[in-house]
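Here is a short tour of one protein chain, written to be read with the model open beside you. Feel free to follow along residue by residue.

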Amino acid sequence: MSDHLMRLPRRALLTAPLAGLLLAGCVAAPPPRAQAEVEIVAPRRPPPLREEVVPPPPPERREIVVWQPGHWRWDGRDWDWIPGHYGERPHRQANWIPGHWDERPNGTWVWVPGHWT
């Protein structure tokens, strides 16, 4: 019998438990943790909010969408306007709290993201 055939069972005996552990680890792995939000800081006050004409919601989706107003986004150099849009409620009673910019004591501005309640 060749050395190759003699080594095969030993390899199988050594690697089978390891393979089982690796596969079991994949199945039993905990779900990934939510990543912390990145804080957006701007060095100066955002411009005044723009007036937006809110279009009527699509009739077939009227009960499940909410207008999310536009806001200024800091792109690292200057302000960029993000227009408002309709967003779908996660559940029927959900209310949208718009994001806004808060001034810090040091004169910088930090973005507080919008969220559902």
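The largest pocket of this predicted model holds about 370 Å³ of space. Of the 24 residues that line this pocket, P69, G70, H71, G99 and W111 are the closest to its centre. Strands β3, β4, β7 and β8 each give two or more residues to the lining, and they make good landmarks for the rest of the walk.

**The chain as a whole**

Let us step back for a moment. The chain has one helix and nine strands, and along the sequence the helix comes ahead of the strands, in the pattern α-β-β-β-β-β-β-β-β-β. Of the 117 residues in the chain, 16% are buried. Among contacts with a separation of 6 or more, 50% are between residues 24 or more positions apart.

**The β3–β4 hairpin and the nonpolar core**

β3 (71–74) and β4 (79–82) form a hairpin with four residues between them. In the turn, G76 has a positive phi of about 100 degrees. The two strands run antiparallel and are joined by four bridges; W74 has W79 in β4 as its bridge partner.

In a regular strand, side chains alternate between the two faces of the sheet. β4 has W79 and W81 on its covered face, while D80 and I82 are on the uncovered one. Beyond its close sequence neighbours (those within four places), W81 is in contact with L49, R50, E52, G70, H71 and W72.

Which residues make up the largest nonpolar core? There are eight: A42, W72, W74, W79, W81, W101, W109 and W111. The elements giving two or more residues to this core are β3, β4 and β8. As a general point, nonpolar side chains in soluble globular proteins tend to be buried together.

**The three-stranded sheet**

An open sheet of three strands has the order β1-β8-β7, and its pairing is antiparallel. β1 (41–42) and β7 are the edge strands, each pairing on one side only. Four bridges link β7 and β8 in the antiparallel sense, and E103 stands opposite W109 in β8.

**Two buried polar residues, side by side**

T108 sits in the loop between β7 (100–103) and β8 (109–112), whereas Q68 is found in strand β2 (residues 65–68). Are they buried or exposed? T108 has a relative accessibility of 18% and Q68 has a relative accessible area of 9%, so both count as buried, the cut-off being under 20%. The table gives these values along with the contacts of each residue, leaving aside neighbours within four places in sequence.

| Residue | Relative accessible area | Contacts |
|---|---|---|
| T108 | 18% | V41, A42, D102 and E103 |
| Q68 | 9% | G84, H85, G87, W96 and W116 |

The side chain of T108 also makes a polar contact of 2.7 Å with the side chain of N106. Two threads meet at this loop residue: T108 is in contact with A42, which is one of the core residues, and with E103, the residue that stands opposite W109.

Key
Residues numbered from 1 in each chain as written. Predicted model: local features only at pLDDT ≥ 70, side-chain atom pairs only at ≥ 80, totals over all residues. Heavy atoms only, no water. Buried < 20%, exposed > 50% of the residue type's maximum accessible area, 1.4 Å probe, protein only. Polar contact = N/O pair within 3.5 Å; in protein donor to acceptor, adjacent residues only side chain to side chain. Contact = heavy atoms within 4.5 Å. Core = buried A, V, L, I, M, F, W, Y, C linked by side-chain atoms within 4.5 Å. Pairing = 2+ DSSP bridges. 1 Å grid on protein atoms, 1.4 Å probe; cavity = no way out; pocket = protein on both sides within 12 Å on 5 of 7 lines; lining within 4 Å. Points joined across faces, edges and corners; volume = space filled by probe spheres on them.
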